[in-house]
Amino acid sequence: MSKLIRVVKSHHRIPIAKPSIGVSGKTGTWRWIKPVVDLSKCTKCYQCEIYCPDNSILVEPLKGAIVNYDYCKGCGICAEVCPAKAINMVEEEQHGS
Amino acid sequence: MVLKSLTGNHAVALAVKMARVNVVAAYPITPQTTIVEKLAEYIDGGELDAVMIRVESEHSALAAAYGSALAGARAFTATSSHGLLYMYEWVNWVSRARVPLVMAVVTRTMGPPWNIWTDHSDYYEQRDTGWIQGFAMDAQEAFDMTLQAFKISEDPRVFLPAMVGLDAFILSHTSMPVEVPEQELVDEWLGARTQGFVIDGSEALIHGALSPPEYTEGFIEDVGKAMEEAVEVVREVDHSFGRTFGRSHGGLVELYKCSDAKYHIVLMGAWAGDAMEAVDALREQGYSIGVVRVRYTRPFPGEELYKALSSSKGVIVVERGVSFGSMGPVFLDLAGNMLKYSRKLPYMRNVIAGVGGVNVTYKDFEYIAKETINYLESGEEPSVIAWYHAR
Amino acid sequence: MLVEILILGRGGQGGATAANIIASAAIMDGLMAQAFPFFGAERRGAPVKAFARISDGRILRHGMFNEVDVLVIMDQGLVRTNYTKEVFVRDGGRIVINSPRDAVVRSESFNLLGKACFYRVDARAIALRNKLVAAGWPLVNTPMLGAFSKATGLIRLESVKKAVVEFFGERVGEVNAIAVDEAFHEVEELT
């Protein structure tokens, strides 16, 4: 940051936010199908991690792709882009039941 | 006449269709979008013989509607919040050009922070533009007011564009019963489009050219005169609408349980209904109170409000917006306009609430009214301006 | 009389459409009505609410509410996630749930302000039986309307069917009307 600028605390509430858990809470409840990774097929290519719009699938270098089910909305993009076909979308529960 | 369940936005779209507009130009923005979507459907389905001009911005939307109106088309556009702000240059141009057209403004809070819910700040900011400004309370009124807007705008005593305000979501996206009249009756009542001049190539006309200050002053003064004459036109149009369709809304203001009321809530928009429900409950508890619902902010109904409020023991103006560094725009207009009739004003209070789309219910209005009345009856005066945070 | 109805479902399940059809049917029955979706961003799959009000007089109030006379649950999974606890059901309230026959409904999953009656219908089975499926989801909203009509007695079955046909058009509407009818007859009160 330039030395010409001093950031000082405002006297009032100002509309800024920092990256944090959103007001929607654990968005995993929105999901009705979930990605299930077959770690034996996972080649750790990182495609799923790159494409996940919610940063909810991360590749651990030794294990493979791990899904964060608290926030995964079940969009299925990871399964779509996986070149090893290591991710299957499985019905979460009897949807609409 | 048929009774239909329509959202506020679809009621506006249906009225625009029944006014047989020739041109619709608009750019989508929440919460307005469903108005022009519906109109596009009408045009696509052959129910409305009009041209839909797709533009790249709101600035162009009003410019296109204006150009069409100059050439003799009955034109319509609709917008909200940032869209309205983006077309601001044209908003001022169209009124000073004295070109009749109608625009729906679905009120939405301006950012930041980003917000899609209703408050009246976008609508308030238009108050010096020279547009006729109405504000509907329910879907039926949104329908009626849109039809009336064409009639008022196209009256030779007025020849100003007209805005129909309606609240985001609590009106725009809420389905309610709407009495829909016969098309023939609407045609007969509304009649053919009238305007002060037409630029269609049939005659050489120069419009909007450089004008010396002395002439310019006169043109601007006449915008004000047209506004003054519009007071009577609004009353007349609502009256004749009532004679034809069996429904009037009180002209520039609606009075609810005011005939014997000692105290008054003054406000505009959909939440006036919630205030009316609070008044019903307060009356059962022995409070003498009524609602004065402002239907038009331009022309401002000074005379009506003076008559309704001059002998009030306490006037509470509740507003969904504020002029920063001052007070609520309706409060300011009310105080100023009351002075035209008397130097002696009743006690008046300005409560700012529901800003940013906060839901304000009948319970909140009950609280606001009781607090004010209890103060006044104990001989104390509550603060003249206060923020009320409904939760 | 003013009845406030909340439909709890998932984004994309048709709760808002159901609320609108309730309002249309009520108006056909000579009542006043209001209907509206949750006011916010649309989120497929997320737990969402839709609202309706029915009255024999002019409805003056506006906006969303959290205290209800009728609660319609479109997706039983929402009971398990405790979203149902966000809604307060008034004394004498009615709760209509889409769930299979063998599922257990516990009153502890709800916030009851007094006594409430529970109704159950397998709307998923009815939707699948009538091939009412869109984008992989069974369309449970129209069967739930039939169950609503029977459980509450607020709007006539014939009006619901008429409103459904009006909304969806002749061809799709007729199939949905059959689902409405089946749910009306299959809904059962839980004791």
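# Close-up views of a predicted model

**View 1. The two domains of chain B meet here.** In this view, 31 residues of domain 1 of chain B are in contact with 27 residues of domain 2 of chain B. Everything shown in these legends comes from a predicted model. Chain B is divided into domain 1, covering 2–245, and domain 2, covering 253–388. Their C-alpha centres lie 28 Å apart. Together, domain 1 of chain B and domain 2 of chain B bury about 2300 Å², with 56% of it on carbon and sulfur atoms. Three residues are worth finding here: Tyr124(B), Arg127(B) and Met137(B) supply 29% of the area that domain 1 of chain B buries against domain 2 of chain B, more than any other three residues.

**View 2. Charged and polar pairs join the two domains of chain B.** Between domain 1 of chain B and domain 2 of chain B the count is four salt bridges. To see a salt bridge up close, look for Glu141(B) and Arg295(B), whose closest N and O atoms are 2.4 Å apart. The interface of these two domains also holds 15 residue pairs in polar contact, both residues being at pLDDT 80 or more. On the side of domain 1 of chain B that touches domain 2 of chain B, the elements giving two or more residues are helix H6 (121–124), strand S6 (132–135), helix H7 (139–153) and H9 of chain B. H9(B) gives the most to that side, with six residues.

**View 3. Chain C meets chain B.** Now we move to the place where two chains come together. Here 18 residues of chain C are in contact with 24 residues of chain B. The area buried between chain C and chain B is about 1700 Å², and carbon and sulfur atoms give 56% of it. Look for Phe39(C), Leu60(C) and His62(C): they supply 39% of the area that chain C buries against chain B, more than any other three residues. Two salt bridges are found across the interface of chain C and chain B. Glu277(B) forms a salt bridge with Arg61(C), and their closest N and O atoms are 2.4 Å apart. Eight residue pairs are in polar contact across this interface, both residues at pLDDT 80 or more. Helix H1 (15–28) and strand S2 (32–37) of chain C are the elements that give two or more residues to the side of chain C that touches chain B. S2(C) gives the most to that side, with six residues.

**View 4. A nonpolar core takes in residues of chains B and C.** In soluble globular proteins, nonpolar side chains tend to be buried together. The largest nonpolar core in this model has 80 residues, and those touching the most other members are Ile35(B), Leu39(B), Phe76(B), Ile132(B), Phe143(B) and Leu71(C). Helix H9 of chain B, residues 213–245, gives the most to this core, with ten residues. A second, separate core has 44 residues, including Ile126(C), Leu157(C), Ala179(C) and Val180(C).

**View 5. Leu39(B) and Val24(B) touch each other.** Setting aside residues up to four places away in sequence, Leu39(B) touches Ala13(B), Val16(B), Lys17(B), Val24(B), Leu48(B), Met52(B) and Phe76(B). Val24(B) sits in strand S2 of chain B, residues 23–26, and counts as buried at 0% relative accessibility. With the same limit on sequence neighbours, the residues that Val24(B) touches are Val36(B), Leu39(B), Val51(B), Met52(B), Ile53(B) and Phe76(B). Val24(B) and Ala75(B) are 51 residues apart in sequence, with their C-alpha atoms 5.8 Å apart in space.

**View 6. Thr146(B) is buried in helix H7 of chain B**. Thr146(B) has a relative accessible area of 1%. A polar atom of its side chain lies 2.6 Å from the backbone oxygen of Ala142(B). Not counting residues up to four places away in sequence, Thr146(B) touches Val12(B), Ala15(B), Val16(B), Glu141(B) and Val164(B).

**View 7. Ser57(B) lies in a loop of chain B**. The loop runs between strand S3 (51–54) and helix H3 (58–70). Ser57(B) is buried, with a relative accessible area of 5%. A polar atom of the side chain of Ser57(B) lies 3.3 Å from the backbone nitrogen of His59(B), and a polar atom of this side chain lies 3.2 Å from the backbone nitrogen of Ser60(B). Leaving aside neighbours within four places in sequence, Ser57(B) is in contact with Tyr27(B) and Tyr86(B).

Notes
Residues numbered from 1 in each chain as written. Chains lettered and ligands numbered in written order. Predicted model: local features only at pLDDT ≥ 70, side-chain atom pairs only at ≥ 80, totals over all residues. Heavy atoms only, no water. Core = buried A, V, L, I, M, F, W, Y, C linked by side-chain atoms within 4.5 Å. Buried < 20%, exposed > 50% of the residue type's maximum accessible area, 1.4 Å probe, protein only. Helix = DSSP H or I, 4+ residues; strand = E, 2+ residues; numbered from the N terminus. Contact = heavy atoms within 4.5 Å. Domains from an automatic or database assignment. Buried area = accessible area lost by both parts, 1.4 Å probe. Salt bridge = Lys/Arg side-chain N within 4 Å of Asp/Glu carboxyl O. Polar contact = N/O pair within 3.5 Å; in protein donor to acceptor, adjacent residues only side chain to side chain.
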